[in-house]
Amino acid sequence: MTTSDIELSRTVLAEAVAARGFSARGATLIRLGENALWRLASNVVVRIARPGQDEAAAREVAVARWLASAGVPTVEPLEIDQPVIASGRAATFWQLLPSHKAGTEADLAGLLAQLHSLPLPTFPINRLDPFVRIEERLAASHAVAEEDRAWLLNRHRELKARWRDLPGGRGDCVVHGDAWTGNCAVVKTPTRRAVLLDYERTSIGPPEWDLTSTAIEVDTFGNLSTDRYRAYCDQYGYDVMDWPGYPTLRAIRELRLVTFALQIADSDPTVRSEAQGRIDCLRGRRGPRPWGWSAVG
């Protein structure tokens, strides 16, 4: 994150909030990553998407309203006309969550069980594309050796074929798309309540895709205990690791995580070692899983 990145985001924020009668004075930056999150002095959270994400931003708002109407605890958008397009970027407006912390795996499992049980919504929603941006990240990266890039692109092609031939599972439904505990918050007051957030990747697809996000915390990262994973499976009522298609979804998740690290490494040289280590793991240079990958970004 650079000062110019922050100032550019602040300019977009000022234009967006003025369009809906808010003020950017006193706004504080919560996070600046692929999306920017700002907290207004009026306790409204503004989410600014990457360029070209107008449709995704509108879908996020629609999904959150749909979940709220179905009784699924969720962060809620303001009841205003949104998103707002400012300087070529979509901005959405959300109610500020009360004091909260990240949820547990079991908290997340309960919310996913509710989400996956819902009938399909009446508004348009895309099919899940688990390969979105992988090829683009690999093509753009300056942090990957050419021989590794070629191997990863071949892995990408192989996994796309395996995705098309997945064995039967639990049946398609609305999936969150990025179902990790960072997208589950527990509101501390007045009573403990877990809520879902961040619907950028929400789509229609196999529920096993969501469940794989936590499974790889055990299987790939090695940072989730067996007991906590068992509590997650018990809360949801199913263990995705028992499904024959799990190795394919795990491999796709791992490839996504490699390309995400490469994307970060292009602007942060301190991440290059982690990105290369992840590539080495996929290529069999560092032994069997779990590989103990470190978080980036």
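The exercises below, each with a worked solution, concern a predicted model.

**Exercise 1. The five-stranded sheet**

Task: Work out in what order the strands of the 5-strand open sheet lie, and which strands are at its edges.

Solution. Step 1: the order of the strands is β1-β2-β3-β5-β4, with antiparallel pairing. Step 2: β1 (28-32) and β4 (84-86) each pair on one side only, and these are the edge strands. Step 3: on average, neighbouring strands of this sheet are turned by 25° against each other, with direction ignored.

**Exercise 2. Pairing from β1 to β3**

Task: Follow the sheet from β1 through β2 to β3, and state how many bridges join each pair.

Solution. Step 1: β1 and strand β2 (residues 36-39) run antiparallel and are joined by 4 bridges. One residue pair to look for is Thr 28 with its bridge partner in β2, Arg 39. The link between β1 and β2 is a hairpin through 3 residues. Step 2: β2 and β3 also run antiparallel, joined by 4 bridges. Here Leu 37 has Arg 47 of β3 as its bridge partner. Step 3: β2 and β3 form a hairpin with 4 residues between them. In that turn, Asn 43 has a positive phi of about 65°.

**Exercise 3. The surroundings of β5**

Task: Find how β5 pairs with β3 and with β4, and decide whether β5 is largely enclosed or not.

Solution. Step 1: the pairing of β3 with β5 is antiparallel and covers 5 bridges. Val 45 has Trp 94 of β5 as its bridge partner. Step 2: β4 and strand β5 (residues 89-95) pair in the antiparallel sense over 3 bridges. Ile 85 has Ala 90 of β5 as its bridge partner. Step 3: helix α2 (residues 54-69) packs on the sheet and touches β3 (44-48), β4 and β5. The direction of α2 makes about 15° with that of β5. Step 4: a hairpin with 2 residues between the strands is formed by β4 and β5, and Ser 87 in the turn has a positive phi of about 50°. Step 5: a residue is buried when its relative accessible area is under 20%. Of the 7 residues of β5, 5 are buried, so β5 is largely enclosed by the rest of the structure.

**Exercise 4. The three-stranded sheet**

Task: Describe the open sheet of 3 strands and the helix that lies across β8 and β9.

Solution. Step 1: the strand order is β6-β8-β9, and the pairing is antiparallel. Step 2: the edge strands, each pairing on one side only, are β6 (100-102) and β9 (193-196). Step 3: from one strand to the next, the twist averages 35°. Step 4: strand β8 (residues 184-187) pairs with β9 over 4 bridges in the antiparallel sense. Val 186 has Ala 194 of β9 as its bridge partner. Step 5: the helix is α3 (residues 105-116), which runs at about 55° to β9.

**Exercise 5. Helix α8**

Task: Check whether the span of helix α8 agrees or disagrees with its 22 residues, then decide how far α8 is enclosed.

Solution. Step 1: α8 covers residues 246-267, and at 1.5 Å a residue its 22 residues should span 32 Å. Step 2: the end C-alpha atoms of α8 are 33 Å apart, which agrees. Step 3: 16 of the 22 residues are buried, so α8 is largely enclosed by the rest of the structure. Step 4: take Thr 259, which is in helix α8, as a single case. Its relative accessibility is 0%, so Thr 259 counts as buried. Leaving aside residues up to four places away in sequence, Thr 259 touches Ile 134, Arg 137 and Leu 138.

**Exercise 6. The crossing of α5 and α8**

Task: Describe how helices α5 and α8 cross, and name the residues that make the contact.

Solution. Step 1: two packed helices are described by the angle and the distance between their axes. Step 2: the axes of helix α5 (residues 146-164) and α8 come within 10 Å and cross at roughly 145°. Step 3: the crossing of α5 and α8 is left-handed. Step 4: α5 contributes Leu 152, Arg 155, His 156, Leu 159, Arg 162 and Trp 163 to the contact. From α8 come Pro 247, Thr 248, Leu 249, Ala 251, Ile 252, Leu 255, Val 258 and Leu 262. Step 5: sorted by kind, the residues of this contact are 10 nonpolar, 2 polar and 2 charged.

How values were computed: Residues are numbered from 1 along each chain as its sequence is written. This is a predicted model: local features need pLDDT of at least 70, side-chain atom pairs count only at pLDDT 80 or more; totals for chains, interfaces and linings use all residues. Side-chain values use heavy atoms; hydrogens and water are left out. The expected span of a helix is 1.5 Å times one less than its number of residues. Buried means under 20% relative accessible area, exposed over 50%, partly exposed in between (1.4 Å probe, protein chains only). Axes are lines fitted to C-alpha atoms, for helices over the stretch in contact, and angles run from 0 to 180 degrees between N-to-C directions. A crossing is left-handed if the near helix is turned anticlockwise from the far one by less than a right angle, and right-handed if clockwise. Contact means heavy atoms within 4.5 Å. Ala, Val, Leu, Ile, Met, Phe, Trp, Tyr, Cys and Pro count as nonpolar, Asp, Glu, Lys and Arg as charged, and the others, Gly among them, as polar. Two strands pair if DSSP finds at least two bridges between them.
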